[in-house]
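Please open the structure in the viewer and keep the selection panel at hand. The stops below proceed from the whole chain to single side chains.

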Amino acid sequence: MNKTIAMILTLVAAAAAQGQTPDAIITRAADEYARLQSVRAEFTQKLTNPLTGSTALSRGVLLRRAPNLLAVNFTDPKGDRVVADGRFVWVYLPSSAPNQVIRMGAKSSNSMAMIDPGEIFLSSPSTRYTVTAAGTATVEGRKMNIVSLVPKKANNAFTSAKVWVDASDNSVRQFELVDLNGLTRLVTITKLQKNSPIEKSAFKFTPPKNARVLDSGGLSGM
């Protein structure tokens, strides 16, 4: 083989390998997320508690419109909602806490990070986390690159995580969190629509009549 051609092929191979590093994979995912103006994602969620050996399954639809509107509407358990309307984050879970609504300031340090996967994983990921490779897999018929994240500084969201990044379009299609108590949360995106119009009314929340509204999460910081 011609030496020049061999050198070019070596450089191309090295560049390709560099492009598949864990940091490069999660950075591409962060860049893709930052470009999106809106997202509609149908999902399933599996919660596993190692202390009790119990498992809880749920499903729903996540809506997001840049820069700060988000709604998680559960279809199972039906009626549970988490909504960020730009001013407040509302948590209404009648399946477990009937007639109770939690209200947090949207600008508080943890409120959005608690409900938006993009805030958790895709905000300066290489700076905030130690990122390592965790193999490849297929999710919903699509090839995934998997990375593991460990926070460089302790946080309230998780102690470790795995993120499945679509090899074709760099979207996050699945993620798994382990929290301080060992609870594991596995979320799988079953259907994803990017940049489809979403009306602002989808992010409106009005507490049910006679519901008790509990303020939490730094309302004074707004």
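Accessible areas here come from the Shrake-Rupley method with a 1.4 Å probe. On that basis, the protein exposes about 12,500 Å², and carbon and sulfur atoms supply 53% of this area. The model under inspection is a predicted one.

**Whole chain**

Begin with everything selected and coloured by secondary structure. Five helices and 12 strands make up the assignment for the protein. Of its 222 residues, 36% are buried. Among contacts with a sequence separation of 6 or more, 45% join residues 24 or more positions apart.

**The sheet**

Next, select the strands alone. In what order do the 12 strands of the open sheet lie? The order is 7-8-9-10-11-1-2-3-4-5-6-12, and the pairing is mixed. At the edges are strand 7 (129-139) and strand 12 (212-216), each of which pairs on one side only. Neighbouring strands of this sheet are turned against each other by 20° on average, with direction ignored.

**Strands 8 to 11**

Restrict the selection to residues 142-151 and 160-166, which are strand 8 and strand 9. These two strands are antiparallel and share six bridges; N145 faces V165 of strand 9.

Add strand 10 (172-178). Strand 9 and strand 10 also run antiparallel, joined by six bridges, and A161 is placed opposite L177 of strand 10. Five residues lie between the strands of this hairpin, where N170 adopts a positive phi near 65°.

Is strand 10 largely enclosed or open? Five of its seven residues are buried, so strand 10 is largely enclosed by the rest of the structure.

Now add strand 11 (184-194). Strand 10 pairs with strand 11 in the antiparallel sense through five bridges. L177, already seen opposite A161, has R185 as its bridge partner in strand 11. The hairpin of strand 10 and strand 11 likewise has five residues between the strands, and G182 in its turn has a positive phi of about 90°.

**Helix 2**

Select residues 22-35, which form helix 2. This helix lies across strand 2 and strands 7, 8, 9, 10 and 11, and runs at about 80° to strand 7. How far apart are the end C-alpha atoms of helix 2? They are 20 Å apart, in agreement with the 20 Å that 14 residues should span at 1.5 Å a residue.

Show the side chains of P22, A24, I25, I26, A29, A30, E32 and Y33: these are the buried residues of helix 2. When judging their directions, recall that an α-helix has 3.6 residues a turn, so residues three or four places apart point the same way.

**Two residues of strand 2**

Finally, move to strand 2 (residues 54-65) and select R64. R64 counts as buried because its relative accessibility is 10%, where the cut-off is under 20%. Its side chain makes a polar contact of 3.3 Å with the side chain of D116. Beyond four places in sequence, the contacts of R64 include Y33, L36, Q37, S38 and V39, as well as L69, L70, I198 and F203. Y33 is also one of the buried residues of helix 2.

S58 is the last selection and belongs to strand 2 as well. S58 is buried, with a relative accessible area of 9%. Leaving out residues up to four places away in sequence, S58 touches F43, T44, Q45, F74, D76 and P77.

Key:
Residues numbered from 1 in each chain as written. Predicted model: local features only at pLDDT ≥ 70, side-chain atom pairs only at ≥ 80, totals over all residues. Heavy atoms only, no water. Helix = DSSP H or I, 4+ residues; strand = E, 2+ residues; numbered from the N terminus. Buried < 20%, exposed > 50% of the residue type's maximum accessible area, 1.4 Å probe, protein only. Polar contact = N/O pair within 3.5 Å; in protein donor to acceptor, adjacent residues only side chain to side chain. Contact = heavy atoms within 4.5 Å. Pairing = 2+ DSSP bridges. Axes fitted to C-alpha atoms, helices over the stretch in contact; angles between N-to-C directions. Expected span 1.5 Å × (residues − 1).
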